[in-house]
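Please look over the strand pairing in the model below, with attention to which strands are joined and in which sense. A short briefing accompanies the sequence and the structure.

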Amino acid sequence: MVSVLRVLFATLMAVGFSTVAVAQPPAPAATEPAAEAVAPAPAPVIRQILVDGNQRVEIDTVLSYLLIQPGRPADERLTNLSIQTLFATGLFSDVQIEDRGEIVIVRVQENPIINRVVLEGNRAIDDDKITDEIQAQPRAIFTRARVQSDVQRIIEVYRRSGRFAATVTPKIIEQPQNRVDLVFEISEGPVTGVRRINFIGNQTFSDNRLRRELVTQESRWWRFYGSNDNYDPDRLEYDRELLRQFYQNRGFANFRVLSAVAELTPDQESFYITITLDEGEVYNFGSVSVRTEIEDLNEEFLAALLPVQEGDIFRGELIEQSIDALTFAAGASGYAFVNVRPVTQRDRDSKTVEVEFVIDEGPRVYIERIDISGNTRTLDRIVRRELDIVEGDAFNQVLVDRSRNNIRRLGFFEDVELEETPGSSPDRARVRVQVTEQPTGELAFGAGFSSTDSFLVDLSISERNLRGRGQFLRFRVSVSGTRETIDVRFTEPRFLDRNLAAGFDLFRVNSDFLSEASFQTASTGGSLRLGFPVTAQANLQLRYTLRTDDVQVYSTASQALIDQAGSRVTSVLGYTLNWSRLDDPIEPHNGFRLQFSQDFAGFGGDVRYVQSEFSGSYFRGLFGDVVASFNMNSGFILPWSGDSVRINDRFFKGGSSFRGFEVAGIGPRVVSRDETTGELNRGDALGGRLYAIGSLEVNFPLGLPEQYGVRGSVFTEFGTLGLLDSSDQVDEVTGELFTVDDLALRASAGVSIFWDSPFGPVRFDFAQAFMREDYDKAEFFRFSTRTGF
């Protein structure tokens, strides 16, 4: 009877009844023997799976995601997993599976298709920059989760641009055929700038000095052309690293940035950034040694190659340079696969850092292939020639990092990344160079005014990556009250694919010295240049110049000037050697730079002389932002083959080159003596063949808020100019013009004020000449400025 009821119950379920009432037999008496246990009914076998509600998605696609299959028994666990799998595809907004025994019906509701994406209210950021960040695209599947994710992405784009008050509201407009228009309504809000950057814990360096090390800047009205004055948390993290490098390269081995907190003002328009520092104390290098287990490497020889010596002030960059030096030395000895590990130990009592460089032989890995991508305009070979690695070389991370810096130094790319990926075997590696190009052409227009040149207009068109070949081309026109210049410059930075910079210049220069020396010059010519590095800090430039100089002199000028009139051809072969060890090439605080140049005229042409010039500067930080400097400049022209030095080739000093005196205010001059008083009447300046000028200067902040950009200095300058050729000297005759040339010492002292104004740098010089000759032209005040737009 029980088996008959089971069959009846299964039949009713098969034809669609959801519930059936069945009379149960009476339970057996307790005294009767126990009946055999009844097994549960087996699950029905699925005979067919039907799909309902799909419009674009094929039935086979839906079935492919199901874990239940025809011919297998129904399983509630697999049914639930199938629902989750279909939801995970993102194709459906609703999924239901109805089990009817041998028949299973899958009902789905598809997500709509995005017809178009519309951005409204974005004026500060272009559509392209936003659409590149979001996932929503036309003809893509619409899901609310993706929309919310895109909202956060858009907000993040605005945060990176400094707009932290931006809000985004998504709106959905339904269209026929299960399509939707997705609209992002954007309220950009104000630009969230940086109102103030404060430092806590800095005792050695002032707030102003540290702010100059940061990429983040305080917001000022004239900084409308950049975005570094907008708050960016990623940029602030980079600033922390810059501060660490700044302090560690000045001996502060234990320096730490304890915190960098940005607080949004109540009006949500700007941030206050507070950076808390722990400077620590200044350390010097203690013992410096090299240890290696490689027998062919001599530890004493390697130690002698290190750029760091015991007793030097601690600088983190010297450790990196030492690692480079040891890596290259090991490679030169045949060990390209080495790991150099600096082991440091600080002695707090003696304030020293002991460094031991441990050299181990690393695994052998070779570069199988180098791929370059992203250079849509720059030729592949231009990027590849900057690499210090080639295919087949031993993989060296130091050379990889150096290659990245070489490519960045070109200035052609906004971003450069070098990534190592596995090769075809364990001892092979591939290097992928990914670059992002940036504009390299420039149209510049500048205007200015100074007490020296009066007005100044400067127009130039330049291209730093001509035709993607890495070449530099510039056309420039400059007009001022005393000079007119037209020049064309071209440079090939890797001539013959070698580390040689070659180029040429074509120029036309008209100079007016009527107010100083009653003559004008017009120079037309060209030059060839060839430059190359001698060491990591020194470079040498060779040049050849051929020009025609036309000197015009007024008929009322002195005989010494009239003899200089005429046109001559000058053929000059020269060189310049530069050596710099400055800590900062723009605003140095420590270090020195030297330059020596010579020009040899007479390889053809009508002029024969040897001109030598030397300039040197030494900088020393005294305390905080106070920097002392000593500068020395000298030059000498020696004529040969019986020639004399023409007036346009002589040295003229004064103005910005010798503060306290006018332009061409010192040196040999045509004078006359007043017969009554015996005083000398000044005439035309003649220039000289020898000059030597030195200066001592202390540069310091004036205590004004840093945003004003005002600094000052006190200085003294001293030097001389003279040594005319005997043929250009005229002896004194009563009532006649004659020349004076006594190489007398001149000296001046004064103060300068520098203002980094919104319109460009402005400089005011106040100087008093306290050692001078009666015929010199002194000058107490001078100012100059220049701006570009």
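The notes below cover an open sheet and then a run of paired strands.

This is a predicted model, in which local features need pLDDT of at least 70 and side-chain atom pairs count only at pLDDT 80 or more, while totals for chains, interfaces and linings use all residues. Residues are numbered from 1 along each chain as its sequence is written, and side-chain values use heavy atoms, with hydrogens and water left out.

**The open sheet**
- An open sheet of 3 strands (a strand being a DSSP run of E with at least two residues, numbered from the N terminus) has the order 7-9-8, with mixed pairing, where two strands pair if DSSP finds at least two bridges between them.
- Strand 7 (193-200) and strand 8 (256-264) stand at the edges, and because each has a single partner strand, one side of each is left without a neighbour in the sheet.
- From one strand to the next the twist averages 15 degrees, with axes taken as lines fitted to C-alpha atoms and angles running from 0 to 180 degrees between N-to-C directions.
- Strand 8 and strand 9 (residues 270-278) run antiparallel and are joined by 8 bridges; V257 has L277 in strand 9 as its bridge partner.

**Strands 21, 22 and 23**
- Strand 21 (residues 519-533) and strand 22 (residues 538-553) run antiparallel, joined by 15 bridges, and they form a hairpin with 4 residues between them.
- Within this pairing, T521 stands opposite V551 in strand 22.
- Strand 22 also pairs with strand 23 (residues 566-580), in the antiparallel sense over 14 bridges, and R543 stands opposite G574 in strand 23.
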